[in-house]
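Subject: Structure for you to look at

Hello,

Here is the structure I said I would pass on. My notes on it follow below.

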Amino acid sequence: MPTFDIVSEVDVHEFTNAIDQANRIIGTRFDFKGVDASFERKEFTVTIFAESDYQIRQMEDMLRTALVKCKIDPQAMNLGKVETAGKQVKKLVTLQNGLESDVCKKIVKIIKESKMKVQSQIQGDKVRVTGKKRDDLQQAMALLREQELDQPLQFNNFRD
């Protein structure tokens, strides 16, 4: 029976590349010359350091651009509050990795309400969808792509 999994994952290697790319952009931009600004990554969290709120906002855009270039959906970003420490300002940005339980429940509800000939079940931080025909599964994928779930979705582990 054909199946696939619905997940929300961030590739760690691509995420590291995006942070490195954003740090390189800071080094080459004219308006950041002589400014103490940087991105620091720890697992799925990035700390943005700068000297002012304006620079933090500029750096958020740089990070977003770098994530898009590395094929990571910027919807996965959760922006924290700006914290002031001395003359430096910092902001935490966390990337969502894995589906939250309420998002999983919402996905299952959407699939059930559509009356498609597929079954869905929550398995930890992913949702497995099973159906008799490959076409039914592709319709389910199309349905979920149209939805606004505030979290990027990937469809993997497709088995025929």
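Helix α2, made up of residues 53-69, lies across β2, β3, β4 and β5. Its direction is at about 140° to β3. Please keep in mind that this is a predicted model.

The strands that α2 lies across belong to an open sheet of 4 strands, in the order β2-β3-β5-β4 and with antiparallel pairing. At the edges are β2 (38-42) and β4 (77-85), each of which pairs on one side only. On average, neighbouring strands in this sheet are turned by 20° against each other, direction ignored. A second helix, α1 (residues 12-28), also packs on the sheet, where it touches β2, β3 and β5 (88-95). The direction of α1 makes about 165° with that of β2.

As for the edge strand β2, 5 bridges join it to β3 (residues 45-50), and the two run antiparallel. Within this pair, Phe-39 stands opposite Ile-48 in β3. In general, strands of a sheet pair through backbone hydrogen bonds, in either a parallel or an antiparallel way.

One residue elsewhere is worth a look: Asp-5, in strand β1 (residues 3-7). Is Asp-5 buried or exposed? Its relative accessible area is 2%, and because buried means under 20%, Asp-5 counts as buried. The side chain of Asp-5 makes a polar contact of 2.7 Å with the side chain of Arg-128. Leaving aside residues up to four places away in sequence, Asp-5 touches Lys-126, Val-127, Arg-128, Gln-154, Phe-155, Asn-156 and Asn-157.

Regards

Conventions
Residues numbered from 1 in each chain as written. Predicted model: local features only at pLDDT ≥ 70, side-chain atom pairs only at ≥ 80, totals over all residues. Heavy atoms only, no water. Pairing = 2+ DSSP bridges. Axes fitted to C-alpha atoms, helices over the stretch in contact; angles between N-to-C directions. Contact = heavy atoms within 4.5 Å. Buried < 20%, exposed > 50% of the residue type's maximum accessible area, 1.4 Å probe, protein only. Polar contact = N/O pair within 3.5 Å; in protein donor to acceptor, adjacent residues only side chain to side chain.
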